[in-house]
Amino acid sequence: MIVSLHVAVGGAAGALVRSRPLALLLGPPLHVAGDHVPHEDIPDRSFEIGSGLVALGLLAGRRGPFDPAVLGGAAAAMPDLEHLVPWLRLRGEKLFHRGGGRHGVGISAEAQLLLAGAVVGLLLARRR
Ligand SMILES: [Zn+2]
């Protein structure tokens with residue numbers, strides 16, 4: 001699943017639970033669950049990272065860096081770091097991406113982007 005949608009889903013969860021530790025705890029399982037939904041991926045890694053950071057930056061700017069929505073968004077996007085940083089993996093095994101997920105079919109990248117934009121927009125509009 002695309003990074004910005006992970007941020008949006010984790011951010012929405014954080015805004016709902018309104019608890020920093022809970023938001024951080026929910027992030028990684030939400031990531032794994034999101035990756036199990038059949039989905040298309042965006043092959044452009046720098047776009048993926050860039051759009052994820054933009055979404056997080058907007059949320060942090062609007063709600064403050066330690067808002068549960070920001071922490072939840074960051075925690076939900078974090079597992080994708082293991083694609084980029086090999087030493088995060090456990091003895092070479094990816095921790096959050098076993099089995100590789102389902103790719104190439106399902107929710108299109110465009111629909112995911114649209115959904116991510118809508119959810120982030122909602123979180124920006126409603127302060128808490
Ligand atoms: Zn992932």
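This is a quick look at two helices, H1 and H6, and what they pack against. Keep in mind that the model is predicted. The buried residues of H6 pack against H1, among other helices, and H1 in turn packs against H6 through its own buried residues.

**Helix H6**
- H6 runs over residues 109–125, and its 17 residues should span 24 Å at 1.5 Å a residue; the end C-alpha atoms sit 24 Å apart, so the two agree.
- Gln112, Ala116, Val119, Val120 and Leu123 are the buried residues of H6.
- These buried residues take up an arc of only 95 degrees around the axis, which means they lie on the same side of H6.
- Flip to the other side of H6 and you find Glu110, Leu114, Ala118, Gly121 and Ala125, which are exposed.
- The partners for the buried residues of H6 are helix H1 (3–17), helix H3 (45–63) and helix H4 (68–77).

**Helix H1**
- H1 has 15 residues and reaches 21 Å from its first C-alpha to its last, close to the 21 Å expected at 1.5 Å a residue.
- Most of H1 is covered, with twelve of its 15 residues buried.
- Those buried residues include Val3, Leu5, Val7 and Val9, along with Gly10, Gly11 and Gly14.
- Also on the buried list for H1 are Ser4, His6, Ala8, Ala13 and Ala15.
- The buried residues of H1 pack against helix H2 (20–36), H3, H4 and H6.

**Just past H1**
- Right after H1 comes arginine 18, with a positive phi of about 55 degrees.

How values were computed: Residues numbered from 1 in each chain as written. Predicted model: local features only at pLDDT ≥ 70, side-chain atom pairs only at ≥ 80, totals over all residues. Helix = DSSP H or I, 4+ residues; strand = E, 2+ residues; numbered from the N terminus. Expected span 1.5 Å × (residues − 1). Buried ≥ 20, exposed ≤ 12 C-beta atoms within 10 Å, placed from the backbone. Arc of directions from axis to C-beta. Contact = placed C-beta atoms within 7 Å.
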